[in-house]
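Student: Could you take me through one spot in this model up close, and then show me how it sits in the rest of the chain? I'd like the local picture and the overall one tied together.

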Amino acid sequence: MNSKIEHSKSAASGGDMVKYVGAVLLVLAGLFVWFWFSTPARAVQLGAWSGQLRALAVVVGLVAGGALFMLTAKGHQVREFLSESRFELRKVVWPTRQEAIRMTWVVIVVVIVLSLLLGGFDFVIQKLTQWFLGR
């Protein structure tokens, strides 16, 4: 078996905790702007672009929070996982278009055959039950 065993740290460092809180606050700040300026009276303060500016605040909050999270130890693990996943995806032998179409038809035919078979069993059991309860 080809696997790495890593021992997880029991607790995050103090710096990471500050970054986690900061990331959450950035996301919440973007959401706060969205909801704060959702009323028509406050939306007037943003002018004609109020909807776009509110959406931009949410996007900026999410991106900034995600970027700050990526600077933590867990963020490093996420980046490493994504890097390894990308490396593994390069090793995949993808089917050709012809193979994919052929396999799709096989799946369609098998689904139709099995549905007809199950429908037939259901019909037979229904008729047997009606016959038995009718006596």
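Tutor: Sure, and keep in mind as we go that this is a predicted model. Reading from the N terminus, the elements of the protein chain go α-α-α-α-α. That makes 5 helices and 0 strands.

The spot I'd pick is threonine 72. You'll find threonine 72 in the loop that links α3 (50-70) to α4 (73-91). Is threonine 72 buried or exposed? Its relative accessible area is 3%, and since buried means under 20%, threonine 72 counts as buried. For the chain as a whole, buried residues make up 10% of the 135 residues.

Now look at what the side chain of threonine 72 has around it. A polar atom of that side chain lies 2.6 Å from the backbone oxygen of phenylalanine 69. There's a backbone nitrogen to look at too: that of glycine 75 lies 3.1 Å from a polar atom of the threonine 72 side chain. Then set aside the neighbours within four places in sequence, and threonine 72 is still in contact with Asp16, Lys19 and Tyr20.

Let's move to helix α1, which covers residues 14-36. Valine 24 has its place in this helix. With a relative accessible area of 47%, valine 24 is partly exposed, because that label covers values between the 20% and 50% cut-offs. Try the C-alpha distance from valine 24 to leucine 62: the two are 38 residues apart in sequence, and in space they are 9.0 Å apart.

Helix α3 gives us another residue to check, leucine 56. Leucine 56 is partly exposed as well, at 48% relative accessible area. Pair leucine 56 with arginine 102 and you get 46 residues of separation in sequence and 45 Å in space, C-alpha to C-alpha.

Next, go to helix α5 (residues 97-134), where glutamine 98 lies. Glutamine 98 has 58% relative accessibility and so counts as exposed, given that exposed means over 50%. From glutamine 98 to serine 83 the C-alpha atoms are 30 Å apart, with their positions 15 residues apart in sequence.

Finally, zoom out to the whole chain. What radius of gyration does the protein chain have, and what would a compact globule of 135 residues have? The protein chain has 28 Å, whereas the globule would be near 14 Å. Along the principal axes, the C-alpha atoms fill a box of roughly 75 × 55 × 40 Å. Of the contacts in the protein chain with a separation of 6 or more, 57% are between residues 24 or more positions apart.

As for the surface, the protein chain exposes about 11600 Å², and carbon and sulfur atoms supply 72% of that area. On the charge side, there are 14 positive and 7 negative side chains, and the centres of the two sets are 9 Å apart.

So to come back to your spot: threonine 72 is a buried residue in the loop between α3 and α4, in contact with Asp16, Lys19 and Tyr20 once its sequence neighbours within four places are left out.

Note on methods
Residues numbered from 1 in each chain as written. Predicted model: local features only at pLDDT ≥ 70, side-chain atom pairs only at ≥ 80, totals over all residues. Heavy atoms only, no water. Helix = DSSP H or I, 4+ residues; strand = E, 2+ residues; numbered from the N terminus. Buried < 20%, exposed > 50% of the residue type's maximum accessible area, 1.4 Å probe, protein only. Polar contact = N/O pair within 3.5 Å; in protein donor to acceptor, adjacent residues only side chain to side chain. Contact = heavy atoms within 4.5 Å. Rg over C-alpha atoms; globule rule 2.2 N^0.38 Å. Areas by Shrake-Rupley, 256 points an atom, 1.4 Å probe, with all protein chains shown as cover. Lys, Arg positive; Asp, Glu negative; His and termini not counted. Charge placed at Lys NZ, Arg CZ, Asp CG, Glu CD.
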